[in-house]
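The following exercises concern the contacts made within and between chains. Please work through each task before reading its solution.

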Protein chains: 2
Amino acid sequence: MDKPTKPRSTRIQREKRELILEAALEVFAQHGFRGATIDQIAEAAGMSKPNLLYYFKSKEAIFVTLIDRLMEAWLAPLREMDADGDPITEIRSYIRRKIEMARDFPRESRLFANEILQGAPRILPLLEGELKELVDEKAEIIRQWIRQGRLKKTDPHHFIFAIWATTQHYADFDVQVRAVLGPDKGGEGRFEDAAAFLERLFLG
Amino acid sequence: MDKPTKPRSTRIQREKRELILEAALEVFAQHGFRGATIDQIAEAAGMSKPNLLYYFKSKEAIFVTLIDRLMEAWLAPLREMDADGDPITEIRSYIRRKIEMARDFPRESRLFANEILQGAPRILPLLEGELKELVDEKAEIIRQWIRQGRLKKTDPHHFIFAIWATTQHYADFDVQVRAVLGPDKGGEGRFEDAAAFLERLFLG
DNA sequence: GCAATTTTTGACCGTTTGGACAAACGTTAG
DNA sequence: CTAACGTTTGTCCAAACGGTCAAAAATTGC
């Protein structure tokens, strides 16, 4: 018994599946689930449609795989918020991480936004279960910080919503942000400006 | 010359077009442009597909009409921000109006969000033109208020972005908001709570 | 080198979709 | 009644779509 009984999926298989997921992320983020076609994803992945369907049994299967992975990364920053840390530092770090995600993973953010906009048909149970529990837990921590006089009084749930909304805005509404800021202020520095602004807004 | 030379469009025509636009708003907001079908819209409007196409020449035409109207209503609240008014009052009113729009016109908000998410293919010129000018103008007013010491120092553009993001969040991400708040706190009072929270956040 | 297995592809299928069209229907004015 | 006009519908079509399948091609294990 040197190895487990499931040596399935070769290195090549894993690589191809990864390639497809990368291409699908691009296409889904830009056109949404219904707007994206298997042909588009296949072309973006540099393979034929039947070939793609050899690795994923349906368009839905690709999407679900993508969004399942996404959720892990999505909740991670909030998970890191530590009750034993300094409130200001913890919240500042959280905002930083969220802005970095908007900058570095805008496609993931848009994919998520798309799913929620359509009524979260595939992840509603997760939102009502895991996400709600996590948020309630962190809200309790914030409430505790407030009781201890270490944080300005505020509604914890709406506080978290506001951080989500403002940070993700820079990924989801990026086109609008750049259009309004114009060529001058719309450069890559906008994420730094946003981070600085948001820290002041939420902690100042 | 009792009447102008263009008596076109009877009352019935206007009513039917209105009926279609109402149905289309519902369908587009829920499924996005690509996800919506003419049949769905026709059924929601209580008429046959060819009949619908008698009033609008294409799916695109319906969408464009809808989004053109929407933009008017969308910019109105910001337009009302008055340089001669009291800064705190003006900003508070703006936030109130935006939250009311999220509560009373969530479908319009989602339609707009959808368009931006897809890269704003149909309204990019408007964003770079009319919207940018309006925001720049109001940003200058805010900057003026700050110079006069009547408002806390802050980046006007990101300040406006933050108001947009947080208020629209309650329409666009409504499913998530309700899932996280749960049955108890997720009732109709959530918009009031949000308004109160946001006033504190932005003005407190 | 060769058989077994995995990967890739061209051709194909049923369904859905946006849209066209002519015929039918209804309404109104003379 | 009827001609003219606006409205409605059944039928049809071509393209796009998600997905299948058998066979070819490439790879792997021996």
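**Exercise 1. Determine how far apart the centres of domain 1 and domain 2 of chain A lie, and how many residues each contributes to their contact.**

Solution. In this predicted model, begin with the bounds: chain A is split into domain 1, residues 8–57, and domain 2, residues 69–203. Taken over C-alpha atoms, the centres of these two domains of chain A are separated by 29 Å. Next, list the residues in contact: domain 1 of chain A contributes 9 residues and domain 2 of chain A contributes 7 residues.

**Exercise 2. State what area domain 1 and domain 2 of chain A bury between them, and which three residues of domain 1 supply the most.**

Solution. The two domains of chain A bury about 730 Å² between them. Of this area, 54% is on carbon and sulfur atoms. On the side of domain 1, A:Leu25, A:Ala29 and A:Phe33 supply 57% of the area buried against domain 2, more than any other three residues.

**Exercise 3. Characterise the polar and charged component of the contact between the two domains of chain A.**

Solution. First, count the salt bridges: there are 3 between domain 1 and domain 2 of chain A. As an individual case, A:Arg69 forms a salt bridge with A:Glu18, with the closest N and O atoms 2.6 Å apart. This distance satisfies the criterion, because a salt bridge requires the nitrogen and the carboxyl oxygen to lie within 4 Å. Second, count the polar contacts: 3 residue pairs qualify between the two domains, both residues being at pLDDT 80 or more. Third, classify the side of domain 1 of chain A that touches domain 2: it has 5 nonpolar, 1 polar and 3 charged residues.

**Exercise 4. Describe the interface of chain A and chain B by area, contacts and contributing helices.**

Solution. Start with the extent: 53 residues from chain A and 53 residues from chain B take part in the contact. Together the chains bury about 4400 Å², 69% of it on carbon and sulfur atoms. In chain A, A:Leu117, A:His158 and A:Val180 lose the most area to chain B, together 17% of what that side buries. Then turn to specific interactions: the count of salt bridges between the chains is 0, while 6 residue pairs are in polar contact across the interface, both residues at pLDDT 80 or more. Among the helices of chain A that each supply at least two residues to the side touching chain B are α1 (11–35), α6 (106–117) and α8 (156–172). The largest share, 12 residues, comes from α8(A). Finally, by class, the side of chain A that touches chain B has 26 nonpolar, 16 polar and 11 charged residues.

Definitions and conventions:
Residues numbered from 1 in each chain as written. Chains lettered and ligands numbered in written order. Predicted model: local features only at pLDDT ≥ 70, side-chain atom pairs only at ≥ 80, totals over all residues. Heavy atoms only, no water. Contact = heavy atoms within 4.5 Å. Buried area = accessible area lost by both parts, 1.4 Å probe. Salt bridge = Lys/Arg side-chain N within 4 Å of Asp/Glu carboxyl O. Polar contact = N/O pair within 3.5 Å; in protein donor to acceptor, adjacent residues only side chain to side chain. Helix = DSSP H or I, 4+ residues; strand = E, 2+ residues; numbered from the N terminus. Nonpolar A, V, L, I, M, F, W, Y, C, P; charged D, E, K, R; others polar. Domains from an automatic or database assignment.
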